[in-house]
Amino acid sequence: MSAQLDQVNIDRVIRDTLELVRIPSKTGNSKDVADRLEQMLKEVGCSVERYEFYPNNPTLVAVYGEDHGGKTILFNGHMDVIPLDHAEPEVRDGRIYGRGTNDMKGSLACFLETIRVLQESGTVLPGRLMLVSNSLHESPGGRGEDLIALTERVPLKADAVVVMEGATTECTVAQLGSATFEITIERDGEPSHQLHTAPGTPHPISVAAEVVALLDRWNVELENDYIEDIGYASYFVGSIHSGQFYNQMPNKAEIVGVRRYNPVQKYEEVESIMRGGLDELAARFGVRIKLDLKKVRDGYRLDKDSEAVAALRRAVVAVRNVEFPSVGKKLVTDAGILANALGVPALCHGPDQLTAHGDVEYVEIRELELTVQVYARFVREFMGLQTK
């Protein structure tokens, strides 16, 4: 071979990360960054199909290599970033600063460099590498709608998936499902002075307290059902709002939160249980209770003994010199969408995400270098090639 497998040109990774980060792509409009990423993928030898199931939010499917009967590895990374402003991108003190450096344009740059490393090491792949890069990831602005549409309308086939974020030092083998909820409690009539409100009028705030108490009781019940590798499912209330003035009787109350559910549960079951409980409260107190439950991602569980898990563990242990234990996660990633749609192991690995969604976002340059090395080694391990 003409070069060692781990010879990463970090200057190229820094260049590509900065270029992608400098292109705005807040959730809802990723067109410009998709345009440039498509060019960059073609420059490293990929063929690219572009889909636009939602205006201004393209989904790219890039393919590198030929189908010679070998395995296909599908890498996944999103192009959108959270809608928080950030200082201009810069390189400083061994880090790249800027919105999207960590979450997750740095990972997209790692995929590009992985292909170059394989090329420059003289590696001939018996199979293919794919990149699915989606635009509607960051909730609440996006909930994976374009990725779901892709899996429903395009016949994707792969032997393993690598979602290129999180799980830097541990192997994610299960994730909870997640759905956000908005519960609206309404009574008849307009807001009124406390003393001019008819006796017996249901108080939305009091009913809201009953709703919270119901969710608390459900949480106690969930603590009787331990989920292997993860812990417990949950209901969480993050915001309650009602009323405008100290002696005005409101006619509405709103509760906002998140439901995290067992990976073996379906979203429809979760929704049915919540609606049933809220309907009972509505009937008891003579109010209307509306539930707006929106799925973020379903959960999933993969086989800890699968070939893909073993290959990723060998790669990470060799490169990062960590144990890489199998763990479950309460957070959600696009691995849930791809695992359920493709029926193959969906792994997660990428640069340390310590600053994702932070006011100041950065990625350690060393983390990008290690990530490229892990990806290149995993490709060779999983495809059955000799690893140098």
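Contact here means heavy atoms within 4.5 Å. With that in hand, welcome to the tour; the model you have open is a predicted one.

**Stop one: Ser-133.** Select Ser-133, which you will find in strand E6 (residues 128–134). Its relative accessibility is 0%, so Ser-133 counts as buried, the cut-off being under 20%. Now show what surrounds Ser-133: apart from neighbours within four places in sequence, it is in contact with Leu-37, Pro-58, Thr-59, Leu-60, Gly-77, His-78, Met-79 and Leu-108. Keep Gly-77 selected for a moment, as the Ser-133 side chain reaches the backbone oxygen of Gly-77 at 3.0 Å.

**Stop two: strand E9.** Next, select residues 177–186, which form strand E9. This strand is mostly covered, with 7 of its 10 residues buried. Add residues 252–261, strand E13, and you will see an antiparallel pairing with E9 over 10 bridges. To pick out one bridge, click Glu-182, whose partner in E13 is Val-256. Then bring in strand E14 (residues 288–297), which also pairs with E9 in the antiparallel sense, over 9 bridges. Here, Phe-181 has Leu-293 of E14 as its bridge partner.

**Stop three: helices H5 and H6.** Finally, select residues 204–222 for helix H5 and residues 267–285 for helix H6. Their axes come within 11 Å and cross at roughly 145°, and the crossing is right-handed. Show side chains where the helices meet: H5 brings Val-207, Glu-210, Val-211, Leu-214 and Trp-218, while H6 brings Ile-273, Met-274, Gly-277, Leu-278, Leu-281, Arg-284 and Phe-285. Coloured by class, this contact shows 9 nonpolar, 1 polar and 2 charged residues.

Conventions:
Residues numbered from 1 in each chain as written. Predicted model: local features only at pLDDT ≥ 70, side-chain atom pairs only at ≥ 80, totals over all residues. Heavy atoms only, no water. Helix = DSSP H or I, 4+ residues; strand = E, 2+ residues; numbered from the N terminus. Buried < 20%, exposed > 50% of the residue type's maximum accessible area, 1.4 Å probe, protein only. Polar contact = N/O pair within 3.5 Å; in protein donor to acceptor, adjacent residues only side chain to side chain. Axes fitted to C-alpha atoms, helices over the stretch in contact; angles between N-to-C directions. Left-handed = near helix turned anticlockwise from the far one by under 90°. Nonpolar A, V, L, I, M, F, W, Y, C, P; charged D, E, K, R; others polar. Pairing = 2+ DSSP bridges.
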